Amino acid sequence: MVNEQVLEKVYAYIDSKRDEIIAELSDISSIRSVSDSKSDVKPFGQGCIDVLERMLSKGKEQGFETKNYDNYVGSILLNNGAKENIGLWAHLDVVPEGDGWLSDPYVPVVRDGLLFGRGVGDNKSAAIATFYIQQAIRDLAIPMNHNVELLLGTSEETGMDDVKYYVANYPVPKFSLVPDAGFPGACGEFGRVQYRLVSRKPLSSQFKELHAGTVFNIIPNYAYAVLEDNGKIGIPAFGGPECKVKVTQEGNLIKIETFGLSRHAAGPEGSINAIKVLTEVLLSIQGLCEEDREIISFLDHVNMDSYGTYLGINKIDEVSGQTVSSGTVLRLENGIVSLLNDCRHCVTDSNERIIESITTKSNASNFDVVVTGQSKPYFIDKNSEVIQAITKICQEHFQNDEMEMAIMKGGTYAGCIPNAVATGSFVKNYAEAPAYIQPGHGNAHQPDEYIPIDGYLEGIKLLAKILLSVDAIL
């Protein structure tokens, strides 16, 4: 393993750069780099180009070799004279900032030992962490068996077309770490199938609106339908303090609103899908015609649970765990109903079987299946030397012998790159969140995204130890 004296020097180096590190992270986090493939500025908008150029300029200032791969991916290379590279991947794009922040999301601010700003955690922290690890290795003249390459993507949050483009056109490192998953990290990812169910027949003209959800990977907490009152609707009365249904009437239009509990589609436990609540209410309407009832009934069955049981895709294995699948975005256009679904399936299943099963069940109910995105599952044996080494390092660091590498339901670059493992760049649970951080705030993709500065420095040191250990093993 790595010499402890070498590690102590690295740790002291990171501590000495504390203020610089936070300043550099604040600098790149001040750029609104929301990936937008529809922008006139290709491939992903001016903000993504700006932040990539900012990072590459920092690399040049430090004397590292830099390269811009067509504005999809950038590279900062610590060339140790080796024949092969270890890659460390970070993404510089961020999700939209949303509302409800305590302060400007693009003016990073330190408050109570925390750094607030969009992207400070997901995932610009990884870029700066790796950048300073590269400097530590160089300035301390640490012997390495591999070159260390920081690879910077620009569309991780919107489908990972950046890394897919890079892998298809340029050489990949011998082995890669992706600091975007926490510690100890993940040695594999569930397969993913994003699919839309589209009714072949239209709903009757009684249905004016049907709406729920905004993004494919969030179970919606709100849904609604607007129906024309034909005098036969007969909606049951709903009420009480815990009511999840609201019915209002204006003229001859009846609006049914339903309320649930949101969760990420990758972790649906504890959620209440507002679409399921809505379809149950609609099916309780006495005056619903049989054709409409068949369409709504299919949607209801699809969301009978969050595991895809009705569609025949529910499966669990010992390697990775439980397949999940939820309907997340509901729309009505010209009478045609569409339901977007997010499925993450266990690694011993296949995209092909998942799609075949969904298609068979949907055909029987006069629905078409449109696959809008997919990625195959992968995993590295937990007993491999590299995985065992990373696991042991984290177990010792956190004094937790039960800690082990997971198979993730969420997606990172590691799922698109050969020989890659996801890990962390900061320790989020370093301290309790202040009382002024509201529920639903503070984490990645939420308002008031933050990282604890002490936990960040701890994470950089831990990532450095993992990197140096991997270098010694490969």
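Let's start in the middle of things: strand 7 (175-179), strand 8 (186-189), strand 21 (420-423) and helix 10 (453-473) are among the elements that cover the buried residues of helix 9. Keep in mind as you look around that this is a predicted model.

So what is being covered there? The buried residues of helix 9 are V386, I387, A389, I390, T391, I393, C394 and Q395. The helix itself runs over residues 385-398, which makes 14 residues. From its first C-alpha to its last, helix 9 reaches 20 Å, close to the 20 Å expected at 1.5 Å a residue. Step just past the end of helix 9 and you meet Q399, which takes a positive phi of about 50°.

Now hop over to helix 7, residues 290-302. With 13 residues at 1.5 Å a residue, helix 7 should span 18 Å, and its end C-alpha atoms are indeed 18 Å apart, so the two agree. Helix 7 has buried residues too: D292, I295, I296, F298, L299, D300 and V302.

Last stop, a pair of helices. Helix 2 covers residues 18-29 and helix 3 covers residues 46-61, and the two pack with their axes 10 Å apart. How do they lie relative to each other? The angle between them is about 150°, and angles over 145 degrees count as roughly antiparallel, so helix 2 and helix 3 are roughly antiparallel to each other. On the helix 2 side, the contact is made by E24, D27 and I28, while helix 3 brings V51, R54, M55 and K58. Sort the residues of this contact by character and you get three nonpolar, no polar and four charged.

Notes. Residues are numbered from 1 along each chain as its sequence is written. This is a predicted model: local features need pLDDT of at least 70, side-chain atom pairs count only at pLDDT 80 or more; totals for chains, interfaces and linings use all residues. Side-chain values use heavy atoms; hydrogens and water are left out. Helices (H or I, at least four residues) and strands (E, at least two) are DSSP runs, numbered from the N terminus. The expected span of a helix is 1.5 Å times one less than its number of residues. Buried means under 20% relative accessible area, exposed over 50%, partly exposed in between (1.4 Å probe, protein chains only). Contact means heavy atoms within 4.5 Å. Axes are lines fitted to C-alpha atoms, for helices over the stretch in contact, and angles run from 0 to 180 degrees between N-to-C directions. Angles under 35 degrees count as roughly parallel, over 145 as roughly antiparallel, 65 to 115 as roughly perpendicular and the rest as oblique. Ala, Val, Leu, Ile, Met, Phe, Trp, Tyr, Cys and Pro count as nonpolar, Asp, Glu, Lys and Arg as charged, and the others, Gly among them, as polar.
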